[in-house]
Amino acid sequence: MEVPEIDDFHRAVRPFLLISQLFSLFPLSGLFGPTLQDIRFRWYGPGTIYSVYFFFSAVVTLTAHIYYSLNVGTMGTAEISNIIYYLLNLCGAIVFLVIAARWRTIMEKWRSLEETFLHPPYAERRFWSLKRVIAAIGITMFVLAFVEDALHVASVYYTNLQFYNRCDNSSPFWTLFYEREHPKFFHYLPYSLPAVLLLELTHKIFLYVWTFMDLFIIFVALGLARRYEQFYRHAVRYKGRHVMGTVWQQLRLDYGKISHLVAYMEGIMAPIIICTTASDLYFIFYQMFNSFQFSASLLSEVYFKFSLAFLIFRTLVMLLIASNIHVASLRPLDILRSTPMSCWTIDVQRFTQELLTSRNCLSGYGFFFLNRSVILAMAGTLITYELVMLKEVIPSTEKSDFCEGGKRLY
């Protein structure tokens, strides 16, 4: 019998950690080494220096936005949203650096607890292995994020081209473009190619961090839920059968390893869950509110609606997959309840009690838990918020002048 290929979590996720290094995240070496001991994190390595550069540029970006809004511009909802966007993504990037510094330790702990499920009788040959599922979801999210960014670039380019042709062509187009799109920088700095390149790099990293925070939660949730699913597919063969008490004892111990892994990862993932859910919910609220009063060209409307749809889709996928950990952890209850009375032992009783009383899911420091009920709660909050905000929408009776209005999208 051919032994199934080892389908561990680290091997499944490491291609995306390598891609993340292009955007200053997870500055690790030895990711593709034969053992976990090959993984290295160096505080003075080039990857870490790249991460520190991003932290510095992110702090400068955040400070410039706050200072410009308070002293030159106005502190409106758009400015507050930009500040929240930069602040939460900066916090997320810092959490990723902390996780990267502990990545080898985390993966060694993960591997020790999932080792039982990488070999028979739990290991299985399936087309949709953990590696393929993670790859499919990750590639899909990256493609959608790329399309969103391409639409954004096209829409702002078209808007500024219209402004240049119809309103002000006294400056070169690209100078005008960046002074309009990033006034908080070029109000203090003269336009130059190096400044533009550094600014674009910083903003692309911000955008990647925003997407990868959801994606990282999805990856971890897939890895945890897969072990519960493997356990159920193995244990279901004993459903309703007369088996020895030692079988239930071993099943209970194996199940406990997964639950211990979930509890361990819950503590590690809590900061990124807080940042991600806060960011996702705030910007869903903000963009849905703006959608009631958004008026622009067809290209800009396509970008705006696609961006909102992608954000909602990404958030729902993250919540559904993360909540599947809790759902998968409860499935063995059906097996235990069908155990014949003649086989009911202290281990079956303890196993049943553990399933009924344990809380196997990720959380944001215990303030909320990523299970199915939180999806309904968030949906209810969203609907309530939008109904309240509808009363605040003031329809525009006058057509504002494009040149005088300072529109960012047209």
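## A friendly note on the salt bridges, cysteines and helices of this model

1. By the rule used here, the count comes to 15 salt bridges, a salt bridge being a side-chain nitrogen of Lys or Arg within 4 Å of a carboxyl oxygen of Asp or Glu. Please keep in mind that this is a predicted model, where local features need pLDDT of at least 70, side-chain atom pairs count only at pLDDT 80 or more, and totals for chains, interfaces and linings use all residues. Residues are numbered from 1 along each chain as its sequence is written, and side-chain values use heavy atoms, with hydrogens and water left out. As general background, side chains of opposite charge can pair when their charged atoms come close.

2. Let us start with Arg-11 and Asp-8, whose side chains meet in a salt bridge (3.4 Å, N to O). Asp-8 is buried, at 2% relative accessible area, whereas Arg-11 counts as partly exposed at 31%. For these words, buried means under 20% relative accessible area, exposed means over 50%, and partly exposed is in between (1.4 Å probe, protein chains only). Both residues belong to a network of salt bridges that links Asp-8, Arg-11, Arg-111 and Glu-115.

3. Next comes Arg-233, which forms a salt bridge with Glu-124, with 2.4 Å between the closest N and O atoms. This pair links distant parts of the chain, 109 residues apart: Arg-233 is in helix H8 (residues 193–235), and Glu-124 is in the loop between helix H4 (103–114) and helix H5 (130–166). The helices named here are DSSP runs (H or I, at least four residues), strands are likewise DSSP runs (E, at least two), and the numbering goes from the N terminus. Arg-233 is partly exposed, with a relative accessible area of 28%, and Glu-124 is partly exposed with a value of 28%.

4. Which residue is the salt-bridge partner of Asp-280? The partner is Arg-314, and the closest N and O atoms are 3.8 Å apart. Asp-280 lies in helix H9 (residues 245–291) and Arg-314 in helix H10 (residues 298–330), so this salt bridge ties together parts that are 34 residues apart in sequence. Asp-280 counts as buried at 1% relative accessibility, and Arg-314 is buried with a relative accessible area of 1%.

5. Now for the cysteines. The count comes to 0 disulfides, where a disulfide is a pair of cysteine sulfur atoms within 2.5 Å. Why is Cys-91 not bonded to Cys-275? The closest cysteine sulfur to that of Cys-91 is in Cys-275, and the distance of 5.1 Å is too far for a bond. Cys-275 is accordingly listed in no disulfide. Are these two residues buried, exposed or partly exposed? Cys-91 counts as partly exposed at 30% relative accessibility, while Cys-275 is buried at 10%.

6. On the record side, the unreviewed UniProt entry lists "transmembrane region" for residues 12–36, 48–68, 83–103, 133–158, 205–225, 261–286 and 306–327. UniProt positions are given in the numbering used here, feature names are shortened, and annotations may be inferred rather than shown by experiment. In the model, residues 83–103 are 95% helix and 0% strand, with the end C-alpha atoms 30 Å apart. Residues 261–286 are 100% helix and 0% strand, and their end C-alpha atoms are 36 Å apart.

7. A nonpolar surface patch of about 330 Å² is made by Ile-66, Leu-70, Met-75 and Ile-80. Patches are made of residues with over 30% relative accessible area and no salt bridge; like charges are joined within 9 Å, and nonpolar side chains (Val, Leu, Ile, Met, Phe, Trp, Tyr) within 5 Å. Within this patch, Met-75 is partly exposed at 36% relative accessible area. Met-75 has its place in the loop between helix H2 (46–71) and helix H3 (77–101).

8. Two further residues may be worth a look. Val-317 lies in helix H10 and is buried, with a relative accessible area of 15%. Leaving aside residues up to four places away in sequence, Val-317 touches Met-141 and Ile-218, contact meaning heavy atoms within 4.5 Å. His-242, in the loop between H8 and H9, is exposed at 59% relative accessible area. With the same neighbours in sequence left out, His-242 touches Pro-340, Ser-342 and Cys-343. The C-alpha atoms of His-242 and Trp-344 are separated by 9.5 Å, although these residues are 102 residues apart along the chain.

Definitions and conventions: Areas by Shrake-Rupley, 256 points an atom, 1.4 Å probe, with all protein chains shown as cover.
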